[in-house]
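Here is a short set of exercises to work through with the model open beside you. Try each task yourself before reading its solution.

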Amino acid sequence: STWVSEFPFIRVEYLHSPVEYLELNESCADIAVASLLLHYVSNLQVVARKAFRILQPGGIFVCSFEHPVSTCCIAHPSSVKDDNGNVLYFPVDNYYEEGRRISKWFDVEVYKYHRRIDT
C-alpha cells in the first residue's frame, strides 16, 4: 500500500502482475484500470470477469486498447517506407481476421491479439 502524501485520507495500492494470474478478493476495488494492455491478452472474457468481480457496486473499469488498425497486419511491417526511410503509408491488411499477431518492440518479439472494433 502507498499513502498519497497530498491526500493522506486516500489509500492507493499499486499491483504489477500479469492480469491473467492476478487474484484479488471480490468487491475489493473502487476502480480497475487496464491501460493499453488488453491487446496483449488472449482471452478478454477472463479479464472482464475478473475486473467486474473485484469491483465494488458502482465501481469503474477503465480500459484502452491499441487501435485495431495498428494490430491487424500479419506478415509485413507496420509501415512502408521509401528508399530514404520516409514513411509512405501504413498498410491495413487482414483487418477482419482476428487472432494473435507477432510484433516487434525494439528488438523483442511480442504477441498481440488483434480484434475488430466491433468485437
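## Warm-up: a loop residue

Task 1. Where is N94 placed, and is N94 buried or exposed, or in between?

Solution.
- Step 1. Look in the loop between β6 (87-89) and β7 (99-105): that is the place of N94. Helices (H or I, at least four residues) and strands (E, at least two) are DSSP runs, numbered from the N terminus.
- Step 2. Check the backbone: phi of N94 is near 60°, a positive value in a residue other than glycine.
- Step 3. Read the accessibility: N94 has a relative accessible area of 33%, so N94 is partly exposed. The classes are buried for under 20% relative accessible area, exposed for over 50%, and partly exposed in between, with a 1.4 Å probe and protein chains only.
- Step 4. Compare a second loop residue. F106 lies in the loop between β7 and β8 (108-114), and its phi is also a positive value near 60°. With 69% relative accessibility, F106 counts as exposed.

A word on the model before you go on: it is predicted, so local features need pLDDT of at least 70 and side-chain atom pairs count only at pLDDT 80 or more, while totals for chains, interfaces and linings use all residues. Residues are numbered from 1 along each chain as its sequence is written, and side-chain values use heavy atoms, with hydrogens and water left out.

## The fold

Task 2. How many helices and strands does the protein have, and which unit do β3, helix α1 and β4 make?

Solution.
- Step 1. Count the elements: there are two helices and eight strands.
- Step 2. Put them in order. From the N terminus on, they run β-β-β-α-β-α-β-β-β-β.
- Step 3. Pick out β3, helix α1 (residues 44-54) and β4, which make a right-handed β-α-β unit. Right-handed here describes a crossover where, with the strands pointing away from the viewer, the path from the first strand over the helix to the second runs clockwise.
- Step 4. Look at the strand pairing: β3 and β4 run parallel and are joined by five bridges. Strands pair if DSSP finds at least two bridges between them.
- Step 5. Find one partner pair: V33 has V62 in β4 as its bridge partner.
- Step 6. Take stock of burial: of the 119 residues in the protein, 19% are buried.

## A nonpolar patch

Task 3. Which residues make the nonpolar surface patch of about 350 Å²?

Solution.
- Step 1. Set the rule. Patch residues have over 30% relative accessible area and no salt bridge; like charges are joined within 9 Å, and nonpolar side chains (Val, Leu, Ile, Met, Phe, Trp, Tyr) within 5 Å. Accessible areas come from the Shrake-Rupley method with a 1.4 Å probe, and for residues only the protein chains shown count as cover.
- Step 2. Name the members: I31, V33, I60 and V62.
- Step 3. Trace them to their elements. β3 (29-34) and β4 (55-63) each give two or more residues to the patch.
- Step 4. Inspect one member: I60 is found in strand β4, and with a relative accessible area of 48%, I60 is partly exposed.

## Salt bridges

Task 4. How many salt bridges does the structure hold, and which parts does the pair of E23 and K50 tie together?

Solution.
- Step 1. Apply the cut-off: a side-chain nitrogen of Lys or Arg within 4 Å of a carboxyl oxygen of Asp or Glu. The structure holds three such bridges.
- Step 2. Start with E23 and K50, whose closest N and O atoms are 3.2 Å apart. E23 lies in the loop between β2 (11-12) and β3 and K50 in helix α1, so the pair ties together parts that are 27 residues apart in sequence.
- Step 3. Check both ends: E23 is exposed at 59%, whereas K50 is buried at 17%.
- Step 4. Go on to E66 and K112, which meet at 2.7 Å, N to O. This pair links the loop between β4 and α2 (68-71), where E66 sits, to strand β8 with K112, 46 residues apart. K112 is buried, with a relative accessible area of 10%.
- Step 5. Finish with R116 and D118, at 2.9 Å, N to O.

## Cysteines

Task 5. How many disulfides are there?

Solution.
- Step 1. Use the rule that a disulfide is a pair of cysteine sulfur atoms within 2.5 Å. The count comes to zero.
- Step 2. Test C72: the nearest cysteine sulfur, that of C73, is 4.1 Å away, and C72 is in no disulfide.
- Step 3. Add the accessibility: C72 counts as buried at 0%.
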